[in-house]
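Biologist: I am new to this structure and would like a close look at one part of it. Please take it slowly and explain each term as it comes up.

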Amino acid sequence: MAEENIVCTFCGSVCDDGQFDTEKFKSKKLCKLGSSKFSKKERIKAPMIDGKEVSYEEAIEKAAEILVNAKKPLLYGWASTVNEAIRLGVILTEKVRGVYDQCASVCHAPGTLAVIEEGLPGGSLGAVKNRADVVIFWGSNPMEAHPRHGMRYSISAKGLLIKDRKQRKVIVVDVRPTKTAKLADEFVQIKPGYDYPIISALRAIISGNADAVPDEVGGVSKEKLVELAETMKNAKYGVIFYGLGVTQSRGRDRNIENAVKLIQLLNRHTRWIIWPMRGHYNVVGAGEVPAWEAGYQYAIDFSRGYPRFSPAEFSAVEVLKRRDCDAALIIASDPVAHFPRTAVKHLKSISVIQIDPFPNMTTLVANVVIPSAVAGLEAEGTAYRMDGIPLRVKKIVETNYWSDEQILEKLLEKVEELKR
Amino acid sequence: MHHALHIKNGIVIDPKNGVKAEKMDIFVKDGKIVEESEVKGEDVKVIDASNKLVVAGGVDMHAHIAGSKINTGRTMRPEEMRVVRNIANKFRAAVGRVLLTSPAIGYEYAKMGYTSSFEAAQPPIGALHTHEELDAIPMIDKAALPVFGNWHFVFKYVEAKDIEKLKTFIAWALERTKGFGVKVVNPGGVEAWMYGGNVKSLDDQVPSFNVTPREIITSLIKAVEELKLNHSVHIHCNRLGVPGNYETTIETIKLAGGFSNDARQVLHVTHVQFNAYAGDSWRTVSSGAEEIAKTVNSMDNVTIDMGQPIFGHATAMTGDAPFQFTLHRLTGARWSNKDSEVEGGAGIVPLVYLPKNPVHALQWAIGLELGLLIDSDKVVLTTDYPNGGPFTEYPYIMAMLMSKKMREGELEKVSPYVQKASNLPAIDTEKALEEVIHMTRSLPARILGLPQKGHLGVGADADIAIYNLNPLEIDTSNDFEKVYKAFKTAEYTIKSGRILVKNGELVDEHWGKTYWVDATGKVDMEAIKPDLEDYFKYYSVELQNYGVEERWLKKPERIVI
């Protein structure tokens, strides 16, 4: 039987027009990344304690003991599960007085710091599709990371005012010619680490201070910069989609802050918006849910019984490097594969609980492993697309695996029981 | 737990039922107010309310408590989260200065004796997010008003003068968003913002559509009245925050002229303070409150709420995206914006109201003028949280409306500009306690169309507040400090028959209902199906994936029209 309009749970594009044949167990319309997630994959077979298969109840009981007995547990991950699970996770962290952190802290969090400095003048992906006649991908490469973004929302997408690809100018600013650059009308190659001065130069030109700009900035000629500034000013509705090339290179949050100031300036002439190209399908939810439950998006310490936010102290990598946690719950993420060696070293030395549908490097260091259902395929729930648009991901096949939501509900119940 | 209560010897003020400070007993069973005979033989908990004021729980009809706007505000302003209101114990950790976390919102309302609050602007495509946050607010009942005034479907049906389809679309949209009523924000102006502009009068044409704000407003009123929705059109007027805008506000109010409804107003004009400026620049700005008051008082089908600024921190967040950009330019503060598909937009800007700033002092004075000059049966007390400031300062506004002496004291602390630019210093009116109770309970409940709320008659929801204030003895003109203190923290807050707050402390947690209005039975839903299917090509989500199912909500309460 073919399911229509399934919601993909791989990347931040959260395409909601997929099809899935439940008999053949095969998706249609999704990209390579999405269809790989919606296919038969190696799974964690059963819950385990120290490598020994146990029941869900036993694993959860053990996990609850670890969390309750820890002085300060770290609860990290969250970007690839649904809001319902994340909410329980925040409440659980508060209950055990631990640290809540999510994948953004090693990814797009500098963008969040820029929101604190200057705000986020943005729009939904539908606004881009309908109106944007100039689209700039700055340090982002959707053709590799968000393969259907261009077709659905930004490059060849047709909308209310943009009826044809020719009516839209696509510009890629990057340090190397990417796959997306090949589709662009223009590619501006910059020297690595020069995003900030180039943005400053554009601001200077647009505000009438071109005199102050030297002949070349970050590998781009002044002539080219003036041309780019003119293109931006003459746009009817422009958008900058920025990626990790900007957030994780020299300048980090300051790059985004500068880019937001550029957008503020451009809105005095015409309409412009800026938006991050968020990675995991619900990394936005992993920040939004704790924001309403506890006031902050990430790096939240509950050790005093109320939330405190301090990225340089309470982000997972910092907490681990400082050896400032004595247990960890890792959900929907693989820090062992991605964190710096010193952080992983500490993770290996403490009790680790893992909740994930798929085995990964973190499984190898986990004392308690709790396999879960794949959201969007075997479990439903709410996810926020990269632009914050909420979509309900669906359950389309039956499974014996518990959902993240079920597991966390039971875990929270056990923790409350033990703390009584 | 007791399922019956006997509130004994309290002094009851219940404006809807004509009870003016009378000593009487109230009986509660199964979450409702009942006759004494109903609780005979039950396990009744007796609450001694001797010499205390007993009223219905407060109803906040306009606040921004849930959804992408307030949450972007929280993200943008971590400095707002350093005030710790509760350390995690039996209750959740709760933090926030003016912007509060969801648990803190529920707790603070409950501590103040408020038991219902309505999210006043739900971006339709973000409805699921709004409901997730509403579901995270404990203690109170709630609902959300989706925003219609810049939605392309509305433009198209107004342009075609097709009221039947407009009605059908409203019913469809309320069902899909699990919304309660029709909110309109700067009609046409937000669409103009997509091109960098705004509308400057009721008769400006909306870009690319052959419609004007005037036509949008009148068509929506007509459609809502024909559908007989619980609540009327609820409008945030054009030209908000612009000196000289009071004339547009008056013109807008007069658009209600041709309509009538036996049960309620046909137009509710919200946070009018922000739309009550005379003058032609910020240098010459003055109060337009008196003219607006005259217009409202002369009509029997329009109500307003104040949008009272409170000195101190606030965060401006509205669906009026062009206004938010103007505010950002004016103050240089941080600015977030969200253009939303083909539905409208929104903006968020931090703000602080300073008593010595002439404009801020004038805004403060205008809010109070509106509250004092307009009939108590037509004006609701709000701060347009968090635009005018915290809802936790409602007791300040209540006390100010009842005491000239308090106002005189406060006037001494603010910029002398208000002396010449507003009439506040000359106003002698002192509202009676029962008027202020009406403005915070029975009136908003009537305006929203919730017959079971805002009063203590038999059959009403047992949402009750008891305050340490004896209305038979209190001199509200002189004892304003006592009045303020009494309303700040309730002695008891009872929600659906459960005691949630005692002596100002939380004692129990409760999850309230989310009301939504289902008018789909009154229209032919097939009539707009081809239009939806066609125009959804301009959305970035599939029509089949748009909207919120009832089973996803914690405690939905469907009201069938």
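Modeller: Asn186(B) sits in the loop between β11 (183-185) and α6 of chain B; helices (H or I, at least four residues) and strands (E, at least two) are DSSP runs, numbered from the N terminus. This is a predicted model, in which local features need pLDDT of at least 70 and side-chain atom pairs count only at pLDDT 80 or more, while totals for chains, interfaces and linings use all residues. Residues are numbered from 1 along each chain as its sequence is written, chains are lettered from A and ligands numbered from 1 in the order in which they are written, and side-chain values use heavy atoms, with hydrogens and water left out.

Although Asn186(B) is not a glycine, its phi is positive, about 40 degrees. Most residues other than glycine have a negative phi, and most peptide bonds are trans. Chain B also has a cis peptide bond, from Tyr385(B) to Pro386(B), with omega near -5 degrees. Pro386(B) belongs to the loop between β20 (379-380) and α12 (394-402) of chain B.

Now follow chain B from the loop of Asn186(B) into α6. There, Glu191(B) forms a salt bridge with Arg131(A), their closest N and O atoms being 3.2 Å apart; the term means a side-chain nitrogen of Lys or Arg within 4 Å of a carboxyl oxygen of Asp or Glu. Arg131(A) lies in helix α5 (residues 125-131) of chain A and Glu191(B) in helix α6 (residues 189-193) of chain B, so this pair joins two chains.

That brings us to the interface. Chain A gives 65 residues to the contact and chain B gives 56, where contact means heavy atoms within 4.5 Å. Between them the chains bury about 4900 Å², 51% of it on carbon and sulfur atoms; buried area is the accessible area (1.4 Å probe) that two parts lose on being put together, summed over both. On the chain A side, Arg131(A), Arg271(A) and Trp292(A) lose the most area to chain B, together 14% of what that side buries.

The rule finds 6 salt bridges across this interface. One more pair to look at is Glu94(A) with Arg92(B), a salt bridge whose closest N and O atoms are 3.1 Å apart. There are also 39 residue pairs in polar contact across the interface, both residues at pLDDT 80 or more. Such a contact is a pair of N or O atoms within 3.5 Å; within protein, one must be able to donate a hydrogen and the other to accept it, and residues adjacent in sequence count only if both atoms are side-chain atoms.

The two chains share a sheet as well. This open sheet of 4 strands runs β8(A)-β18(B)-β19(B)-β17(B), with mixed pairing; two strands pair if DSSP finds at least two bridges between them. At its edges are β8 (121-123) of chain A and β17 (312-318) of chain B, each pairing on one side only. Neighbouring strands are turned by 15 degrees against each other on average, direction ignored. The link between the chains is parallel: β8(A) pairs with β18 (residues 336-340) of chain B over 3 bridges. Within it, Gly123(A) stands opposite Asp339(B), and Pro121(A) opposite Asn337(B). Helix α10 (residues 321-331) of chain B packs on the sheet, touching β17, β18 and β19 (344-353) of chain B, and its direction makes about 35 degrees with that of β19(B). For such angles, axes are lines fitted to C-alpha atoms, for helices over the stretch in contact, and angles run from 0 to 180 degrees between N-to-C directions.
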